[in-house]
Amino acid sequence: MGKIILRLDRVMADRKIGLNELSEKVGVANVNLSKIKNGHISAIRFSTLEALCEVLNCQPGDIMEYEE
């Protein structure tokens, strides 16, 4: 069975944005963003995903990847 891999850390590095700055711009707590970044979540709200894509100027597929 496959799984979803989160690539937020890679997108953040590409955009040269830190966790604190991203947290402020997205409006999500540092702790929660850190969990997303490290893949320690089982779900993500569409509103959070939309905000991340807007701030990072990316597509959802840049942040998430399906791996078999």
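**Close-up views of a predicted model**

**View 1. Helices α2 and α3 cross in a right-handed sense.** The model shown here and in the views that follow is predicted. Two packed helices are described by the angle between their axes and the distance between the axes. For α2 and α3, the axes come within 9 Å and cross at roughly 115 degrees. Angles of 65 to 115 degrees count as roughly perpendicular, and α2 and α3 are therefore roughly perpendicular to each other. On the α2 side, the residues that meet α3 are Leu19, Asn20, Leu22 and Ser23. Their counterparts in α3 are Asn30, Leu33, Ser34 and Lys37.

**View 2. Helix α2 has a buried side, made up of Leu22, Ser23 and Val26.** Seen down the axis of α2, these buried residues fall within an arc of 105 degrees, so they line one face of the helix. That buried set packs against three other helices: α1, α3 (30–37) and α4 (46–56). Glu24 and Lys25 are exposed and sit on the face of α2 turned away from the buried side. After the helix comes Gly27, which has a positive phi, near 80 degrees.

**View 3. Within helix α2, Lys25 and Glu21 are joined by a salt bridge.** The N to O distance between the two side chains is 3.0 Å. Both residues belong to α2 (residues 19–26) and are four residues apart, about one turn of the helix. Lys25 has a relative accessibility of 52% and counts as exposed, because the cut-off for that class is over 50%. Glu21, with a relative accessible area of 37%, is partly exposed.

**View 4. Arg7, Arg10 and Glu65 form one network through salt bridges that share partners.** A search of the whole structure gives three salt bridges, and this view shows two of the pairs, Glu65 with Arg7 and Glu65 with Arg10. Panels a and b take the pairs in turn.

*Panel a.* Glu65 meets Arg7 in a salt bridge with an N to O distance of 3.2 Å. This pair links distant parts of the chain, with the two positions 58 residues apart in numbering: Glu65 belongs to strand β2 (residues 64–67), while Arg7 is in the loop between β1 (3–6) and α1 (8–15). Glu65 is partly exposed at a relative accessible area of 30%. Arg7 is also partly exposed, at 22% relative accessibility.

*Panel b.* The side chains of Glu65 and Arg10 meet in a salt bridge at 3.8 Å, N to O. Glu65 lies in strand β2 and Arg10 in helix α1, so this salt bridge ties together parts that are 55 residues apart in sequence. Arg10 counts as partly exposed, with 40% relative accessibility.

**View 5. Thr48 is a buried residue of helix α4.** Its relative accessible area is 13%, and Thr48 counts as buried because the cut-off is under 20%. Leaving aside neighbours within four places in sequence, Thr48 is in contact with Val28 and Ile36. Helix α4 is also one of the helices against which the buried residues of α2 pack, the residues in question being Leu22, Ser23 and Val26.

Key:
Residues numbered from 1 in each chain as written. Predicted model: local features only at pLDDT ≥ 70, side-chain atom pairs only at ≥ 80, totals over all residues. Heavy atoms only, no water. Salt bridge = Lys/Arg side-chain N within 4 Å of Asp/Glu carboxyl O. Buried < 20%, exposed > 50% of the residue type's maximum accessible area, 1.4 Å probe, protein only. Arc of directions from axis to C-beta. Contact = heavy atoms within 4.5 Å. Axes fitted to C-alpha atoms, helices over the stretch in contact; angles between N-to-C directions. Parallel < 35°, antiparallel > 145°, perpendicular 65-115°, else oblique. Left-handed = near helix turned anticlockwise from the far one by under 90°.
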